Amino acid sequence: MTVGKGRADEHEKEGPQEKAPSARPALRLVTAAAHDRTRLVACLLLSALSVGLSLVVPRLLGAVTDLVVAGVRGAGGVDLTAAGRLLVLAAVLVLASAAAAWGRGRLAQSVAQGTAYRLREAVSAKLSRLPMAYLDGRPRGDVLSRMTNDIENTSMTLQQALTQITAALLTLAGLLAAMLWLSPALTVVAVGMLVSSALVTQALARHSRPQYARQWDAVGEVNAFVEEAVTGHTELVAGGRTDRAGQAFAERNRRLYRAGLRAQFLAGVMSPATTFIGYLGYVLVAVLGGVRAASGELSVGDVQAFVTYTLQLGGPASAVASVVGVLQSGLSSARRVLVLLDAPETHEPARTTARPHDVSGRIRFDDVTFGYTPDRVLFEGLSFEAAPGETVAIVGPTGAGKSTVVNLLLGFHAPWSGRVLLDGTDIAELPRDILHRRVRAVLQDPWLFTGTIAENIAYGVDHASEDDIRRAARAARADHFVRALPHGYATVVGEDGGGLSTGQMQLIALARVFLCDPEVLVLDEATSAVDARTELLIREATARLRRGRTSIVIAHRLSTVRDADTILVMEDGRVVERGRHAELAARSGRYAALHARLDGGWSDTTT
Ligand SMILES: Nc1ncnc2c1ncn2[C@@H]1O[C@H](COP(=O)(O)OP(=O)(O)OP(=O)(O)O)[C@@H](O)[C@H]1O
């Protein structure tokens, strides 16, 4: 049993209803990036500078050619000083353009990383404001993936957009402007060739896409088959069915071979075809340019510059085309992050001011009606009370609603009607941090985070001294084993406990509650097996922890129910019996039946 557990599978069938983000992802992304306005503008300016400088270079080289041609034709010879000056200038411009491109790359990186940093912060803050119901409706991995993969993908795309895409678009625009300025007619020829090349690529891609899909299907079939054959190898051999399996594999393998061959053939044709069209355009422009140079319409240097521009035209065009896929994937990642950021939040405003009148730890469920989904009521008019210092044990078969009581008490879900009161104050009105300081839970699977044991014990308590931490660990019977670890309290543990046993993780979780010293303890007793010694330590620690504290315990130990001031027997969201152990056991009702059935199931029935 886990508290706050998701029922993602149920929701997945219908698919969580995702609202589109409130504005276009691209626009929101630009707004997010605009936080670094100065860097963003500098990045775009450097991009324009780098492209502009690189466009001037062919013109300079053309001018050198013109000088050489004029020198050869005229009597004065080639003006080597002027030509040299132009060449030096061209070299300087190439260097300056490269430097500007480097600066643009660095700035783009910092803008993209800064945006990712802010998105991660926003998502992290958002997660703490999301209602439990939101997380319940989704696989946890999906939310995690939005926070990590999607933000990373968004940031990469932003970086690419700022470097490759802007540079490619600017280069394309600059090249076209320079070419049109030199010769509109030749520009039409060059662009015509580029467009035909794009059309041929698209047509080939259209035909190769289904072939690729078929190839991946075939790969999937082969993988599935191999996996089955490997996992079921023993049965296959024992059943004498290896021959039939071999035939089936050969057939799938043949299908993969044929599909792969067809897909690769079309992909292989694509590059020679586009190269051929590119060279054809190059030849056409060179010939037509030569004719114009001969007729004196253009200088030889102009034709040379034009041919260079034509050669350069393919680069940015294919860069834009290849980045479109990346851009789409990045934008869909950005959309997933923004949908999460736009999700409706827990209604906090009302909670901010209320403080309980007294702090004795009285819990009252007052006529609570609740269900996880609108079509299914789980509790109807559930009422019970735990007086300060009392232990209320909740027992019942699986699905009875025991964890749900705890979920409501911790404010993870809100009742449809009725109230859950802590010392007379509706917990809906308490700020979450105050509620969770006063009502502390130790759940079945103790949660540890990556950090030292001391940090884990001090979680949620400000300014705990080393002494406080050790005292809490001693009270929770954890000090002994922690000190035996090579690094003692400084031992770093991870989410999985990093080598600690489940029982030891539970002791750490108990130490955490000792340190926090809340008025109310919520305990979901573990059912997982731990060794006898640790079990004893846990029992001692929980008994101590309950002393003088209101405790709501989902009980699995006979000792707990025996000690409890009130036992609530739940079934289908209702409290069917309540009372103390002795009177309920004597009544031969539900509790007695449960008791008899669980005899031996309750972990310490023999005590
Ligand atoms: N997040 C959720 N979304 C939808 N339904 C849920 C959710 N959590 C629990 N339920 C359903 O509510 C009912 C009560 O569940 P709950 O977990 O409170 O029972 P339980 O007594 O703690 O059972 P167990 O001992 O098996 O954990 C069950 O029918 C369960 O399927």
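Two strands are taken to pair if DSSP finds at least two bridges between them. On that basis, this predicted model contains an open sheet of 4 strands, arranged in the order β2-β1-β4-β5 with antiparallel pairing. The edges of the sheet are formed by β2 (379-386) and β5 (425-426); each has a single partner strand, so one side of each is left without a neighbour in the sheet. Between β1 (residues 363-370) and β2, which run antiparallel, there are 5 bridges. A handy place to find this pairing on screen is Phe370, which stands opposite Phe379 in β2.

Helix α11 comes next, and it can be viewed together with the sheet. This helix lies across β1 and β4 (417-422), and its direction makes an angle of about 110° with β1. How many of the residues of α11 (402-409) are buried? The count is 8 of 8, so to speak a helix that is mostly covered. The buried set takes in polar and charged names as well as nonpolar ones, with Lys402, Ser403, Thr404 and Asn407 listed alongside Val405, Val406, Leu408 and Leu409. Just after the helix, Gly411 adopts a positive phi of about 75°.

Leu409 of α11 also leads into the interior of the model. The largest nonpolar core has 70 residues, and Leu409 is among those with the most contacts inside it, together with Ile394, Leu510, Ala511 and Val522. Helix α16 (residues 502-516) supplies the largest share of this core, 9 residues. For a closer look at one of these positions, Leu510 is a good choice: leaving aside neighbours within four places in sequence, Leu510 is in contact with Val442, Ala476, Ala541, Thr542 and Leu545. A second core, separate from the one around Leu510, has 21 residues, including Ala108, Val111, Leu119 and Leu338.

Finally, a word on confidence. The protein chain has a mean pLDDT of 82, with 89% of its residues at 70 or more. Where in the protein chain is confidence lowest, and where is it highest? Helix α1 (residues 8-14) has the lowest mean, 35, whereas β1 has the highest, 93. Over residues 1-17 the pLDDT stays under 50, and the model has 29 contacts beyond four places in sequence for this stretch. The pLDDT is also below 50 over residues 603-607, a stretch with 10 contacts in the model beyond near neighbours in sequence. The scores for the model are ipTM 0.96 and pTM 0.58.

Notes:
Residues numbered from 1 in each chain as written. Predicted model: local features only at pLDDT ≥ 70, side-chain atom pairs only at ≥ 80, totals over all residues. Buried ≥ 20, exposed ≤ 12 C-beta atoms within 10 Å, placed from the backbone. Helix = DSSP H or I, 4+ residues; strand = E, 2+ residues; numbered from the N terminus. Core = buried A, V, L, I, M, F, W, Y, C linked by C-beta atoms within 7 Å. Contact = placed C-beta atoms within 7 Å. Axes fitted to C-alpha atoms, helices over the stretch in contact; angles between N-to-C directions. pLDDT = per-residue confidence, 0-100.
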